[in-house]
Each structure stands twice: as C-alpha cells, then as structure tokens.
Amino acid sequence: MRANPVLVELWRFQGHRCAYCGRMMPDPRAAIGPADPTLKPTIDHVTPLSAGGRDVDGNRVAACIGCNVLKGPLDVQTFIRLRWNKMLLNDAKNRIRLSQESAAANARGDGRPARTADARR
Ligand SMILES: [Zn+2]
C-alpha cells in the first residue's frame with residue numbers, strides 16, 4: 001500500500017498519536033491494518049472542508065479513523081468534548097464492571113473474576 005506522504009509526515013510529527021484521542025496509531029505504510037480497525041491513521045481537517053476549512057498545513061492533523069468518522073462536520077471543541085465524555089464514560093463503565101466481577105468472584109470464594117478483563121477503551 002502506498003501511504004499519503006502528508007499523512008506519514010503528520011503521523012511522525014505527532015509521535016504516532018491521534019490528534020484527538022491520543023491513542024497510538026500504526027504506521028500508515030504498514031501492509032497490514034491495525035488489529036483495532038478504528039486506529040487506522042487518516043488525515044483530518046481541523047476546520048472541516050465543508051465548513052470552509054482549507055486543505056493546507058495547519059488545518060491538517062493525523063487522526064484515527066474512529067475520531068475522524070465521529071467528528072464529521074463538528075467544530076473541534078464540540079467534538080473533543082463529546083469524544084472525551086464518551087471515553088471517560090466507557091472507562092467508568094469498565095471499572096464498574098470489573099469491580100462487580102471481582103465482588104462476584106469474592107462472593108463465590110474463588111478469588112477470580114468471572115471473565116478475563118479486557119483493557120479496551
Ligand atoms: Zn482518535
């Protein structure tokens with residue numbers, strides 16, 4: 001696969017992290033896609049082209065496709081608020097689930113959670 005050189009440059013400049021959620025994105029030149037398909041690196045326009053943003057340096061960032069799709073035409077402040085609320089909510093749900101599983105395991109007396117915890121966020 002031939003990667004867009006602008007994307008490769010942005011990805012390097014950002015230390016391989018998505019501009020919005022901060023997750024590590026794999027090398028855009030990799031032949032095989034990421035295990036988590038939402039981590040696929042893309043170019044996003046901070047001010048969307050549909051809102052009059054231009055396709056120039058300074059309006060382009062490397063963002064995971066998960067963020068890119070969610071952001072759509074939203075302005076960046078609204079989007080980041082929504083994105084982080086969603087991530088914090090998912091983290092909280094995970095912690096609640098883990099503590100419930102651990103309580104259930106303690107109640108059974110085997111000391112093991114019912115299922116293997118996943119570190120997904
Ligand atoms: Zn992201």
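How does the radius of gyration of the protein chain, 121 residues long, stand against that of a compact globule? For a compact globule of that length you'd look for something near 14 Å, but the chain comes in at 18 Å. Bear in mind throughout that this is a predicted model.

**Figure 1. The whole chain, with its 3 helices and 2 strands.** Going along the sequence, the pattern reads α-β-β-α-α. Lay the C-alpha atoms out along the principal axes and they fill a box of roughly 60 × 35 × 20 Å. Burial is counted for 15% of the 121 residues. Take the contacts between residues at least 6 apart in sequence, and 48% of them turn out to link residues at least 24 apart.

**Figure 2. A close look at the largest nonpolar core, made of 11 residues.** The members are Leu10, Trp11, Cys18, Tyr20, Cys21, Met25, Val61, Ala62, Ala63, Cys64 and Cys67. Helix H1 (5-13) and strand S2 (60-64) each put in at least two of them, and S2 gives the largest share, with 4 residues. As a general backdrop, nonpolar side chains in soluble globular proteins tend to be buried together.

**Figure 3. Ala62 and its contacts from elsewhere in the sequence.** Skip the neighbours within four places and Ala62 still has quite a list: Leu7, Leu10, Trp11, Gln14, Cys18, Ala19, Met25, Pro41 and Ile43. Among these partners, Leu10, Trp11, Cys18 and Met25 also belong to the largest nonpolar core, as does Ala62 itself.

**Figure 4. The antiparallel pair S1 and S2, joined by 5 bridges.** S1 covers residues 41-45. Pick out Pro41 and you'll find Cys64 of S2 standing opposite. S2 is mostly covered, with 4 of its 5 residues buried. In a regular strand, the side chains alternate between the two faces of the sheet.

**Figure 5. Thr47, in the loop between S1 and S2.** Is Thr47 buried or exposed? Neither, quite: Thr47 is partly exposed, because 13 other C-beta atoms lie within 10 Å, and it would take 20 or more to call a residue buried, or 12 or fewer to call it exposed. Beyond the residues up to four places away in sequence, Thr47 touches Gly52, Gly53 and Asn59. Arg23 sits 24 residues away along the chain, and its C-alpha atom is separated from that of Thr47 by 21 Å.

**Figure 6. His16, a residue with positive phi in the loop between H1 and S1.** The phi of His16 is near 75 degrees, and this is no glycine. Most residues other than glycine have a negative phi. His16 is partly exposed, with 15 other C-beta atoms within 10 Å.

**Figure 7. Helix H3, spanning residues 76-108.** From the first C-alpha to the last, its 33 residues reach 48 Å, close to the 48 Å you'd expect at 1.5 Å a residue. How many residues of H3 are buried? The count is 0, so H3 is hardly covered, going by the cut-off of 20 or more C-beta atoms within 10 Å. Ala105, one of the residues of H3, is partly exposed, with 15 other C-beta atoms within 10 Å. Compare its position with Asp36, 69 residues apart along the chain: their C-alpha atoms are separated by 30 Å. After H3 comes Gly109, with a positive phi near 85 degrees.

Notes. Residues are numbered from 1 along each chain as its sequence is written. This is a predicted model: local features need pLDDT of at least 70, side-chain atom pairs count only at pLDDT 80 or more; totals for chains, interfaces and linings use all residues. A nonpolar core is a set of buried Ala, Val, Leu, Ile, Met, Phe, Trp, Tyr and Cys residues joined through C-beta atoms within 7 Å. Two residues are in contact if their C-beta atoms, placed from the backbone, lie within 7 Å. The radius of gyration is taken over C-alpha atoms; the globule rule is 2.2 Å times the number of residues to the power 0.38. The expected span of a helix is 1.5 Å times one less than its number of residues. Two strands pair if DSSP finds at least two bridges between them.
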